[in-house]
Amino acid sequence: MALNARLDHRNPLVFDTHELGRRPGAMLRLTRTIEAPVDLGIQGVIGVPEGAPVELELRLESVMEGVLVTGTARASAKGECVRCLEPVEQVLEADFQEMFSYPDADDRGRPKAEPVDDAEDDEDTLPLEDGLFDLEPVLRDAVVLALPMQPVCQDDCLGLCSECGARLADDPDHHHDALDIRWAALQGLAGSLEDGEKDELSGAEPGVDEKQEK
């Protein structure tokens, strides 16, 4: 990954590794509570609301190539049930581990890896910049992987009625009498035949009583 604008140490998701001193084997533990950045989660499905607290527990380990960061993020994610559209809230716990490499790692006596495509290598490498690293892209990936792609309010959610949109959990006996429009004309014909049979059973032709009265 190519270096973008210089990292700002005031950003709560930017961490300083200078205390490790580039001494392989040195370790540092950190805890920090930050405000969730915008769109932290699966957009339009479920995620941590912007500004909500996110608790971070990190372990920074110095190795020859850079700094290995292992951590856990905890927060409350909110979304919408994909079956009944009711609000869903879920406790999120996302684990992650990532290597942040020194820019000059290959020049410090470590054997160079086999030649690979430079573009692919850049995409897979997260660099340290002046001893700083940005945790945001790692956090975003971890949160997305920890969240359900199809959140539900409960495992046995019945969803909504396909006819009227009523929530079936509120009325498990809810149903509609199905009418196949292909039979509607036949039902009308059957009704006409029933009327004719009634006339025949009456023993009189239509209009006879009227003529006798006259």
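Biologist: What makes Asp141 and Leu145 of α2 exposed or buried?

Modeller: They're exposed, sitting on the other side of α2 from its buried residues. Exposed takes over 50% relative accessible area, buried is under 20%, and partly exposed is in between, with a 1.4 Å probe and protein chains only. This is a predicted model, so local features need pLDDT of at least 70 and side-chain atom pairs pLDDT 80 or more, while totals for chains, interfaces and linings use all residues. Numbering runs from 1 along each chain as its sequence is written, and side-chain values use heavy atoms, without hydrogens and water.

Biologist: Which residues of α2 are buried, and how do you know where they lie around the axis?

Modeller: Val138, Leu139, Ala142 and Val143 are the buried ones. They cover an arc of only 130° around the axis, so they lie on the same side of α2. That arc is taken over the directions from the helix axis to the C-beta atoms. Helices are DSSP runs of H or I with at least four residues, strands are E runs of at least two, and both are numbered from the N terminus.

Biologist: What do the buried residues of α2 pack against?

Modeller: Strands β2, β3, β5, β6, β7 and β8 (126-127). Contact here means heavy atoms within 4.5 Å.

Biologist: What makes the side chains along β5 alternate?

Modeller: Val54, Leu56, Leu58, Leu60 and Ser62 point to one face and are buried, whereas Pro53, Glu55, Glu57, Arg59 and Glu61 point to the other and are not.

Biologist: How do you know that β5 pairs with β2 and β6?

Modeller: Two strands pair if DSSP finds at least two bridges between them. Nine bridges join β2 to β5, and eight join β5 to β6, so both pass that cut-off. Each of these pairs runs antiparallel. For instance, Arg29 has Arg59 as its bridge partner in β5, and Leu58 has Gly71 in β6. β5 and β6 also form a hairpin, with three residues between them.

Biologist: Why is there no disulfide at Cys81?

Modeller: A disulfide needs a pair of cysteine sulfur atoms within 2.5 Å. The closest cysteine sulfur to that of Cys81 is in Cys84, 3.7 Å away, so that's too far for a bond. Cys84 is in no disulfide either, with the sulfur of Cys153 at 3.7 Å. The count by this rule is zero disulfides.

Biologist: And why are Cys81 and Cys84 called buried?

Modeller: Because Cys81 has 0% relative accessibility and Cys84 has 4%, they both count as buried.
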